[in-house]
Amino acid sequence: MVAHSSTPIISSFSFLAIIASLLTVAVLPATVSAVPLSTSSRWIVDESGQRVKLACVNWVSHLEPVVAEGLSKQPVDAISKRIASLGFNCVRLTWPTFLATNDTLASVTVRQSFQSLGLSESIAGLQSNNPSIIDLTLIQAYQAVVSSLGKNNVMVILDNQVSKPGWCCSSFDGNGFFGDQYFSPDIWIKGLTRMATLFKGVANVVGMSLRNELRGPKQNVDDWYKYMQRGAEAVHSANPDALVILSGLSYDKDLSFLADRPVSLTFSGKTVYEVHWYGFSDGQAWKSGNPNQVCGSVVNNMKRQAGFLLEKGFPLFVSEFGVDQRGTNVNDNRYLNCFMATAAELDVDFALWTLDGSYYLKDGVLGMNEYYGVLNWDWSDIRNSSLSQRLSVLQSPFQGPGLSQSRLHKIIFHPATGLCLLKVGWLGPLKLGSCSQSGAWSYSSKKILSLKGTYFCIQADELEKPAQVGIICTTPNSQWDTISDSGLHLSSKTLNGTDVCLDVDSSNTIVTSSCKCIGRDSSCDPESQWFKLVDSTITSTSSSPML
């Protein structure tokens with residue numbers, strides 16, 4: 001996430017002594033099964049070779065207090081249970097380098113850290129909600145959070161967000177690239193090694209993200225290879241079980257240099273690449289431009305800069321994406337529709353930004369509300385239940401090793417709702433419903449959308465009428481082209497020759513309407529007409545006799 005920073009310093013204490021003292025802090029074995037994880041071509045897999053899709057949420061622990069956010073609002077176990085109940089199997093837990101390399105900082109207690117920042121209200125909240133944590137050292141408190149997540153069967157990726165504790169990111173904050181004021185390569189590698197060593201053998205810690213959002217005037221490809229390869233080797237040497245996750249340049253948007261120059265490492269089967277993708281990554285283009293054109297352009301650029309790695313046989317982890325969960329940000333709303341379609345198409349691992357409903361202290365503001373947060377200000381409930389439900393479709397894999405329950409087929413995904421097209425009853429109607437109940441569709445070379453194993457195909461009847469299910473599938477109204485710059489419209493002709501697109505009405509019935517936003521109009525919104533044909537091998541749970 002992007003933008004600022006100050007650090008409490010109190011008494012000195014050896015980091016090795018701290019590690020030894022951690023043996024007295026109860027770190028219960030995780031109940032996460034089938035770990036450690038590794039890679040098989042573009043997939044992350046467990047010990048049996050079955051795909052494990054990382055469906056993560058970010059949890060901030062790198063700001064000035066150097067304590068996981070929210071512990072003054074709710075007990076840590078309640079937060080961990082909430083994460084699991086929301087369908088996330090993983091947390092990307094952030095940390096600053098200095099937590100692992102500055103012995104003085106690491107030995108500060110949670111209470112002392114908050115006192116030094118004048119956070120008296122947060123101290124009272126922590127005392128009430130997490131009395132067992134408030135007098136732990138900062139590194140012990142971090143480990144207690146990892147332990148709580150493990151007890152609730154939630155995997156953890158340790159994310160080195162910054163060096164000096166504070167908000168990320170700016171091109172001139174001294175944390176951006178190797179050689180910056182707070183970013184000594186040697187100290188960074190020391191920090192990675194210490195954290196990898198500390199969490200070696202902790203079953204639910206499945207990976208380490210080497211560095212968040214490399215950026216700034218010093219960034220260059222040669223130093224990226226020099227130091228990222230050293231960091232990767234250091235982590236693997238200290239903790240061979242962990243996935244090693246490498247980020248790109250330009251705020252982790254650009255990995256294009258890997259197309260012609262692969263990373264050279266002494267190990268294999270553990271390398272994952274990560275990319276960040278927000279609506280604001282492209283300024284206000286989504287709000288000011290035609291959604292079809294912007295989506296097509298942005299997706300093509302993302303695939304050129306990062307998505308190509310999937311074809312080269314590497315997992316791609318979208319380790320940050322997110323939106324204003326109030327639902328009032330037009331730029332974010334339009335971006336999310338396009339993101340959902342692409343994330344489903346590529347079936348990528350991901351980490352939503354962010355879990356946090358508020359911060360102890362951010363940019364000098366006490367208790368700042370985080371509108372990108374899944375949870376509300378006091379961390380007691382989710383902020384936007386309909387959005388959380390919509391995003392949940394991405395938490396389950398569509399395909400991958402060990403998941404071939406049926407032959408490869410298509411599902412017809414509607415990104416604006418997170419639902420899929422399904423046929424209800426013998427002859428319809430066609431409705432939107434849970435993707436777990438979607439039929440197995442095929443899309444032929446003649447552009448016929450038909451239910452596999454049946455004679456039924458989708459047909460356009462009349463303008464502004466429900467789409468039909470028919471068995472005579474040789475007529476023009478049975479042919480569906482993917483059109484527009486986004487490639488997300490499914491267009492056909494009615495029997496009288498009128499051009500129409502699949503659409504959704506207020507009752508979630510599939511209808512055929514005039515195609516929206518095909519020109520350059522930036523004021524229109526085509527979201528109801530966006531559908532994505534997604535490859536899947538997952539068997540439907542539908543009870544319909546025809547599905």
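## Getting to know this predicted structure

At a relative accessible area of 4%, arginine 51 counts as buried, where buried means under 20%, exposed over 50% and partly exposed in between, with a 1.4 Å probe and protein chains only. This is a predicted model, in which local features need pLDDT of at least 70 and side-chain atom pairs count only at pLDDT 80 or more, while totals for chains, interfaces and linings use all residues. Residues are numbered from 1 along each chain as its sequence is written, and side-chain values use heavy atoms, with hydrogens and water left out.

**Salt bridges**

Side chains of opposite charge can pair when their charged atoms come close. Here a salt bridge is a side-chain nitrogen of Lys or Arg within 4 Å of a carboxyl oxygen of Asp or Glu. The count comes to 22 salt bridges. Three of them are set out here.

| Acidic partner | Basic partner | Closest N to O distance |
|---|---|---|
| Aspartate 347 | Arginine 51 | 2.7 Å |
| Aspartate 173 | Arginine 215 | 2.9 Å |
| Aspartate 503 | Lysine 516 | 3.9 Å |

Let us begin with arginine 51 and its partner. Aspartate 347 lies in the loop between α12 and β10, and arginine 51 in the loop between β2 (43-45) and β3, so their salt bridge ties together parts that are 296 residues apart in sequence. Helices (H or I, at least four residues) and strands (E, at least two) are DSSP runs, numbered from the N terminus. Aspartate 347 is buried too, with a relative accessible area of 1%. Salt bridges that share partners join Arg51, Lys53, Asp347 and Asp349 into one network.

The bridge between arginine 215 and aspartate 173 joins two loops: arginine 215 sits between β6 (205-209) and α9 (221-238), and aspartate 173 between β5 and α8. Arginine 215 is buried at 0% relative accessibility, and aspartate 173 is buried at 16%.

How far apart in sequence are the parts tied together by aspartate 503 and lysine 516? They are 13 residues apart, with aspartate 503 in strand β23 (residues 499-504) and lysine 516 in the loop between β24 (510-513) and β25 (532-536). Aspartate 503 is buried, at 5% relative accessible area, whereas lysine 516 is partly exposed, at 31%.

**Aromatic rings**

Rings of Phe, Tyr and Trp (its six-membered ring) pair if their centres lie within 6.5 Å; planes under 30 degrees apart count as stacked, over 60 as edge-to-face and the rest as tilted. The structure holds 22 aromatic pairs. In one of them, tryptophan 167 and tyrosine 359 meet edge-to-face, 5.5 Å centre to centre and with 70° between the planes. Tryptophan 167 lies in the loop between β5 (155-162) and α8 (185-198), and tyrosine 359 in the loop between β10 (349-352) and β11 (361-362), so this pair ties together parts 192 residues apart in sequence. Both tryptophan 167 and tyrosine 359 are buried.

Tryptophan 277 and phenylalanine 339 form another edge-to-face pair, with 5.3 Å between centres and 65° between planes. One aromatic cluster is formed by Trp277, Trp286, Phe321, Tyr335, Phe339 and Phe350.

**A glycine in a loop**

Is glycine 70 buried or exposed? Glycine 70 is buried, with a relative accessible area of 3%, and its place is in the loop between β3 (55-59) and α2 (76-85). The C-alpha atoms of glycine 70 and tyrosine 360 are separated by 7.6 Å, although the two residues are 290 residues apart along the chain.
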